Amino acid sequence: MTLHSLATPQPGPTVLDPHLDRYAVRTAGMTASEIRALFAVAGRPEVVSLAGGMPNLAALPLESLSAQAAQIIAEDGLTALQYASAYGMPVLREQICDVMALEGITAHPDDVVMTVGSQMGLDLVTRLFCDPGDVVVAEGPSYVGALGSFAAYQAQVVHVAMDEHGLVPEGLRAALRQARNAGQRVKLLYTIPNFHNPAGVTLAVERRAEILEICRTYDVLVVEDNPYGLLGFDGRTYPALRSLDPDNVVYLGSFSKTFASGLRVGWVLAPRAVREKLALAMESATLCPPTLNQMIVSRYLATHDWTGQIKMFRENYRERRDAMLSALEQYLPPGCTWTKPEGGFYVWVTVPQGVDTKAMLPRAVTARVAYASGSGFFTDKSGSRQVRLAYCYPTPERIREGVRRLAAVLKAEMDLARTFDSVGSRRRPGPERGR
Ligand code: PMP
């Protein structure tokens with residue numbers, strides 16, 4: 001059993017595609033992410049999937065939500081099922097300002113533009129700002145969906161390193177300086193400051209102002225993607241970049257991780273000058289965000305203890321994070337390192353030299369565990385020694401079992417790498433033999 005035999009065949013852009021010559025040039029940059037291919041595998045019951053970042057919705061109050069959805073249609077159906085403003089529902093945009101206030105943001109509802117998930121916000125912002133060849137600076141590694149949007153608009157990504165305190169300001173400054181010297185136009189810094197996907201780290205509070213200052217100096221707009229900010233395990237929140245520099249930060253928010261991802265309700269808090277262009281882009285993409293879904297979210301925020309619900313989610317994720325960290329400690333072979341997330345969904349693991357995590361993936365799937373290999377989170381050739389493990393969805397027992405299986409595959413891979421290495425070094429000509 002291999003990854004390929006498990007995955008549902010996808011109609012891909014192969015030689016059989018009769019439209020190959022017709023695609024726009026930018027379409028060539030659009031390729032299925034490794035993670036999408038993995039979703040097909042991950043659904044198999046025998047595979048422990050530590051690959052996809054699916055929110056765990058089990059704690060949602062489904063009965064009262066279904067009663068509310070029925071009530072919205074019964075009482076207000078002609079509005080709920082109708083087109084509406086491209087900006088989104090005014091009441092919900094006001095409520096969103098209260099949500100963002102938890103991270104120090106003071107915003108006016110007029111500056112909030114509703115989107116179909118924050119993914120759409122990301123796509124629209126890239127569309128508004130990036131011409132082909134423009135540079136987007138992003139953490140290395142970075143969110144795969146963002147890399148997909150940047151590729152679709154033919155923007156070039158320059159990665160900047162992170163450490164355990166998030167994006168490294170000196171690295172950012174150096175990257176911007178280098179791009180400027182090379183005559184490149186850097187349009188955006190795309191950053192996930194809190195509980196990073198995939199790295200699991202959080203940007204230190206002391207670095208935030210400095211990073212904003214650097215972007216000001218180099219005239220770069222900041223895109224702050226913050227779907228996990230309220231999922232800190234100790235309940236702590238961090239000051240949003242947007243709260244520190246409202247005119248130079250576009251903030252992306254989402255209810256996917258704090259309520260229900262399937263509703264596809266996200267938003268952009270844009271600097272005032274940008275919001276109208278965003279609404280126009282929204283109109284051309286989809287006319288308006290889904291009215292019924294916005295009404296469901298709005299009613300939920302008005303009538304449920306939504307902060308209590310987030311607390312339940314956090315506790316659930318914390319339990320899973322603990323299970324994963326202790327299993328990593330117990331099972332992974334020496335030489336592996338990993339991040340220790342204080343919130344969110346992901347652990348970023350680095351394996352010893354000689355192991356290629358992408359090449360190892362089919363063997364892991366055969367051993368009934370799936371992960372996201374690190375290379376999918378970079379646009380350069382990095383990430384071959386990394387994996388992203390998502391602990392959000394499986395039970396703690398399954399997480400432990402998945403890590404145990406992964407460790408066995410990894411050990412076999414390391415043995416193999418050592419064998420190759422010793423064979424290789426025996427074959428390699430020494431100084432005297434080489435002459
Ligand atoms: N940004 C990040 C960092 C994410 O992890 C995700 C989802 N995994 C998104 C954006 C998109 O979320 P959504 O469209 O569901 O709001």
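Start by selecting G140 and A161: A161 is the bridge partner of G140 in strand β4. Keep in mind as you go that this is a predicted model.

**The eight-stranded sheet**

Widen the selection to β3, residues 135-140, where six of the six residues are buried. Add β4, residues 156-163, and you have a parallel pair joined over six bridges. On to β5 next: β4 and β5 pair in the antiparallel sense, over two bridges. To see one spot along that pairing, pick D163, which stands opposite G166 in β5.

Now show the whole sheet. It is open, with eight strands in the order β2-β9-β8-β7-β6-β3-β4-β5, and its pairing is mixed. Which strands stand at the edges? They are β2 and β5 (166-167); each has a single partner strand, so one side of each is left without a neighbour in the sheet. While you look at the strands, recall that side chains in a regular strand alternate between the two faces of the sheet.

**Helix α11**

Select residues 272-286 for helix α11. A quick ruler check works well here: at 1.5 Å a residue, its 15 residues should span 21 Å, and the end C-alpha atoms are 22 Å apart, which agrees. Colour V274, R275, L278, A279, A281 and M282, the buried residues of α11. Look down the helix axis and these buried residues fall within an arc of 165°, so they line one face of the helix. The spacing has a simple background: an α-helix has 3.6 residues a turn, so residues three or four places apart point the same way.

Turn to the other side of α11 and you will find A273, E276, K277 and S284 exposed. What covers the buried residues of α11? The cover includes β2 (112-116), α5 (117-129) and β9 (265-269). Before leaving, click L287 just after α11, where phi is positive at about 65°.

**Q294 in helix α12**

Move along to helix α12, residues 291-303, and select Q294 within it. Is Q294 buried or exposed? Q294 is buried, with a relative accessible area of 2%. Its side chain reaches the backbone oxygen of P289 at 3.4 Å. Beyond its neighbours within four places in sequence, Q294 is in contact with G88, M89, L92, M114, V265 and P289. Showing those residues as sticks gives you the surroundings of this side chain.

**Helix α8**

For another helix to view end-on, choose α8, residues 205-217, and colour its buried residues R207, R208, I211, L212, I214 and C215. Seen down the axis of α8, they fall within an arc of 160°, so they line one face of the helix. E206 and A209, on the other side of α8, are exposed. Just after α8, D219 takes a positive phi of about 60°.

**A stop for the cysteines**

C215 is worth keeping on screen, together with C130. Why is there no bond from C130 to its closest cysteine sulfur? That sulfur, in C215, is 14 Å from the sulfur of C130, too far for a bond. The cut-off for a disulfide is a pair of cysteine sulfur atoms within 2.5 Å, and by this rule the count comes to zero disulfides. C130 is buried, with a relative accessible area of 6%. C336 also counts as buried, at 10% relative accessibility.

**The four-stranded sheet**

Next, display the open sheet of four strands with the order β10-β11-β14-β13 and antiparallel pairing. Its edge strands are β10 (337-338) and β13 (372-373), each pairing on one side only. Zoom in on β13 and β14 (residues 386-390), an antiparallel pair joined by two bridges. Click S373 there, and then its bridge partner in β14, V387.

**Two last selections**

Select V365 in helix α14, residues 357-366. V365 is buried, with a relative accessible area of 0%. Try a distance from its C-alpha to that of R320: the two residues are 45 apart in sequence and 21 Å apart in space.

Finish at S49, in strand β1 (residues 48-49). S49 is buried, with a relative accessible area of 16%. Draw a line from its side chain to the backbone nitrogen of A51, which the side chain reaches at 3.2 Å.

Methods
Residues are numbered from 1 along each chain as its sequence is written. This is a predicted model: local features need pLDDT of at least 70, side-chain atom pairs count only at pLDDT 80 or more; totals for chains, interfaces and linings use all residues. Side-chain values use heavy atoms; hydrogens and water are left out. Buried means under 20% relative accessible area, exposed over 50%, partly exposed in between (1.4 Å probe, protein chains only). A polar contact is a pair of N or O atoms within 3.5 Å; within protein, one must be able to donate a hydrogen and the other to accept it, and residues adjacent in sequence count only if both atoms are side-chain atoms. The expected span of a helix is 1.5 Å times one less than its number of residues. The arc is that of the directions from the helix axis to the C-beta atoms. Contact means heavy atoms within 4.5 Å. Two strands pair if DSSP finds at least two bridges between them.
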